[in-house]
Amino acid sequence: MKLVLLSAILAGSAPFAHAQAYKCVYGNGTVSYQDQPCVQPGSHAEIRVIQPTPEQRRDAQLRARQDALRAQLLDLQEEEIARRRAQLEESEARRAAASPSARPRTEADKCADYRERLADAQYWQKRFLHPANIQREEEKARHYDERAFFECKASDRPSVFDKK
């Protein structure tokens, strides 16, 4: 960005450049460039400033505009990348918060899952017509009923009166 700014300044200041510049060297070794002759005779060197042609000025201005446009494009691309990165991080955070593994499963969660799977197996056991499907659902129901009985507290277990 600094390069773009510098080239724009140089391109814009080309018409105002003076034809002469002087390099002054002082007794303590400091060097100064100025448009006026040095105050001490013999301590200066004349520097010729070459005026650019109108074509060179146009080229420099065109390059400065192109550099400014490239800088704007890079800024826009960086903003887009930052925006996409923020969206990705936000979606990953939402996904992590929504996933069951994000928080530890409690005993109540596990027992509720067993009850839900037991009810699902009992539902499909009544709906299926093929004997193999009915048997599979009976086995599932028995499995989840046993798990709920042995792993859950009595208050979290399905009641024997809930079975039909």
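E151 is partly exposed, with a relative accessibility of 31%. In this predicted model, E151 forms a salt bridge with K110. The closest N and O atoms of the pair are 3.5 Å apart. K110 is likewise classed as partly exposed, because its relative accessibility is 22%. K110 belongs to helix 3 (residues 107-127) and E151 to helix 4 (residues 131-151), so the contact ties together parts 41 residues apart in sequence. Side chains of opposite charge can pair when their charged atoms come close.

A covalent link also involves helix 3. One disulfide was counted. It is formed by C111 and C152, with the sulfur atoms 2.0 Å apart. C111 sits in helix 3, whereas C152 lies in the segment after helix 4. The two cysteines are 41 residues apart, and the pair links distant parts of the chain. The angle about the S-S bond is -115 degrees, and the link is left-handed. Both C111 and C152 are buried.

The two cysteines also belong to the largest nonpolar core. This core has eight residues in all: C111, Y114, L118, A121, A141, Y144, A148 and C152. Helix 3 and helix 4 each supply at least two of its residues. Helix 3 gives the most, with four residues.

Further charged pairs were examined. The structure holds nine salt bridges. One of them joins the side chains of E137 and R136, at 3.5 Å from N to O. The partners differ in exposure. E137 is buried, because its relative accessible area is 3%, under the 20% cut-off. R136 has a relative accessibility of 36% and therefore counts as partly exposed. Elsewhere, E80, R83 and R84 are joined into one network by salt bridges that share partners.

Within helix 2, R94 and E90 meet through their side chains in a salt bridge. The N to O distance is 3.2 Å. Both residues lie in helix 2, four residues apart, which is about one turn of the helix. R94 counts as exposed because its relative accessibility is 52%, and the cut-off for that class is over 50%. E90, at 47% relative accessibility, is partly exposed.

A nonpolar patch was found on the surface. V25, V31 and Y33 make up this patch, which covers about 300 Å². V25 is placed in strand 1 (residues 20-25). With a relative accessibility of 37%, V25 counts as partly exposed.

Confidence varies along the protein chain. The mean pLDDT is 80, and 73% of the residues score at least 70. Helix 2 (residues 54-98) has the highest confidence, at a mean of 92. The R94 and E90 pair lies in this helix. Confidence is lowest in helix 1 (residues 2-13), where the mean is 57.

Taken together, two kinds of link involve helix 3. K110 in helix 3 pairs with E151 in helix 4, and C111 in helix 3 bonds to C152 in the segment after helix 4. The largest nonpolar core draws at least two residues from each of these two helices.

Note on methods:
Residues numbered from 1 in each chain as written. Heavy atoms only, no water. pLDDT = per-residue confidence, 0-100. Salt bridge = Lys/Arg side-chain N within 4 Å of Asp/Glu carboxyl O. Buried < 20%, exposed > 50% of the residue type's maximum accessible area, 1.4 Å probe, protein only. Core = buried A, V, L, I, M, F, W, Y, C linked by side-chain atoms within 4.5 Å. Disulfide = S-S within 2.5 Å. Patch = residues over 30% accessible without salt bridge, like charges linked within 9 Å, V, L, I, M, F, W, Y side chains within 5 Å. Areas by Shrake-Rupley, 256 points an atom, 1.4 Å probe, with all protein chains shown as cover.
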